[in-house]
Amino acid sequence: MEQHFFRKEKGKMLYEKFKMAVKNQLGSFKIESLECCIHFVSTFTFAAIKIFKDKIRVDFSLDHKIESKLIKKYIQMSSSRYLYYIDIISEDEIDGKLMEWIQEAYNKK
């Protein structure tokens with residue numbers, strides 16, 4: 001897990017803020033450290049976080065398209081699955097709208 005944070009102090013701080021916001025919103029979930037990123041898991045992975053030196057990238061999928069300037073990129077995986085990427089460069093960006101989308105990704109079946 002610590003390899004994700006090596007020489008990435010700001011990224012680690014943003015990750016910790018994001019993790020606490022998700023925990024406050026959702027309660028318990030598992031964290032899985034993979035070589036590429038960190039997965040937040042309930043019965044499935046509902047969010048993945050990649051740590052950078054000065055930001056974190058959060059990705060999650062929903063069953064519908066959303067429009068927001070927060071979304072860095074999205075990929076339509078199928079007619080009912082969209083994968084979203086959001087770059088977080090400030091803890092202020094870990095807000096209600098982002099937590100709403102994460103809650104939705106967590107609740108999907």
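A residue counts as buried when its relative accessible area is under 20%. All views below show a predicted model.

**Figure 1. Strand S4 in its enclosed position.** Six of the seven residues of S4 are buried, so this strand is largely enclosed by the rest of the structure. S4 spans residues 56-62 and runs antiparallel to S3, the two being joined by four bridges. Within this pairing, Lys-50 has Arg-57 of S4 as its bridge partner, and Ile-49 stands opposite Val-58 of S4. S4 also pairs with S6, again in the antiparallel sense, over seven bridges. One pair of bridge partners here is Ile-56 and Ile-88, the latter in S6.

**Figure 2. Strand S3 and its two hairpins.** S3 covers residues 45-51 and is mostly covered, with five of its seven residues buried. Strand S2 (residues 38-41) is antiparallel to S3 and is joined to it by four bridges. Three residues lie between S2 and S3 in the hairpin that these strands form. Val-41 has Thr-45 of S3 as its bridge partner, while Ile-38 is partnered by Ile-49 of S3. A second hairpin, through four residues, joins S3 to S4. Ile-49 thus appears in both pairings: it is the bridge partner of Ile-38 and stands opposite Val-58 in S4.

**Figure 3. The six-stranded sheet and the helices packed on it.** The sheet is open, its six strands follow the order S1-S2-S3-S4-S6-S5, and the pairing is antiparallel. Strand S1 (30-33) and strand S5 (71-78) stand at the edges; each has a single partner strand, so one side of each is left without a neighbour in the sheet. On average, neighbouring strands are turned by 20° against each other, direction ignored. Helix H1 (residues 9-26) packs on the sheet and touches S1, S2, S3, S4 and S6. The direction of H1 makes about 165° with that of S3. Helix H2 (residues 96-107) also packs on the sheet, where it touches S3, S4 and S6. The direction of H2 makes about 50° with that of S4.

**Figure 4. The largest pocket and its lining.** This pocket has a volume of about 160 Å³. Its lining consists of His-39, Thr-45, Phe-46, Ala-47, Ala-48, Asp-59, Phe-60, Ser-61, Arg-81, Leu-83 and Lys-108. S3, S4 and strand S6 (81-88) are the elements that give two or more residues to this lining. S3 provides the largest share, four residues. Sorted by class, the lining has five nonpolar, three polar and three charged residues. Thr-45, one of the lining residues, is also the bridge partner of Val-41.

**Figure 5. Tyr-106 and its surroundings.** Tyr-106 is placed in helix H2. Its relative accessibility is 21%, so Tyr-106 counts as partly exposed; the limit for a buried residue is under 20%. Leaving aside residues up to four places away in sequence, Tyr-106 touches Leu-26, Ser-28, Ser-42, Phe-44 and Phe-46. Among these contacts, Phe-46 also lines the largest pocket. Tyr-106 and Phe-5 are 101 residues apart along the chain, and their C-alpha atoms are separated by 25 Å.

**Figure 6. Asn-24 on helix H1.** Asn-24 lies in helix H1, the helix of residues 9-26 that packs on the sheet. With a relative accessible area of 63%, Asn-24 is exposed, the cut-off for this class being over 50%. Asn-24 and Asp-63 are 39 residues apart along the chain, with 24 Å between their C-alpha atoms.

Notes. Residues numbered from 1 in each chain as written. Predicted model: local features only at pLDDT ≥ 70, side-chain atom pairs only at ≥ 80, totals over all residues. Heavy atoms only, no water. Buried < 20%, exposed > 50% of the residue type's maximum accessible area, 1.4 Å probe, protein only. Pairing = 2+ DSSP bridges. 1 Å grid on protein atoms, 1.4 Å probe; cavity = no way out; pocket = protein on both sides within 12 Å on 5 of 7 lines; lining within 4 Å. Points joined across faces, edges and corners; volume = space filled by probe spheres on them. Nonpolar A, V, L, I, M, F, W, Y, C, P; charged D, E, K, R; others polar. Axes fitted to C-alpha atoms, helices over the stretch in contact; angles between N-to-C directions. Contact = heavy atoms within 4.5 Å.
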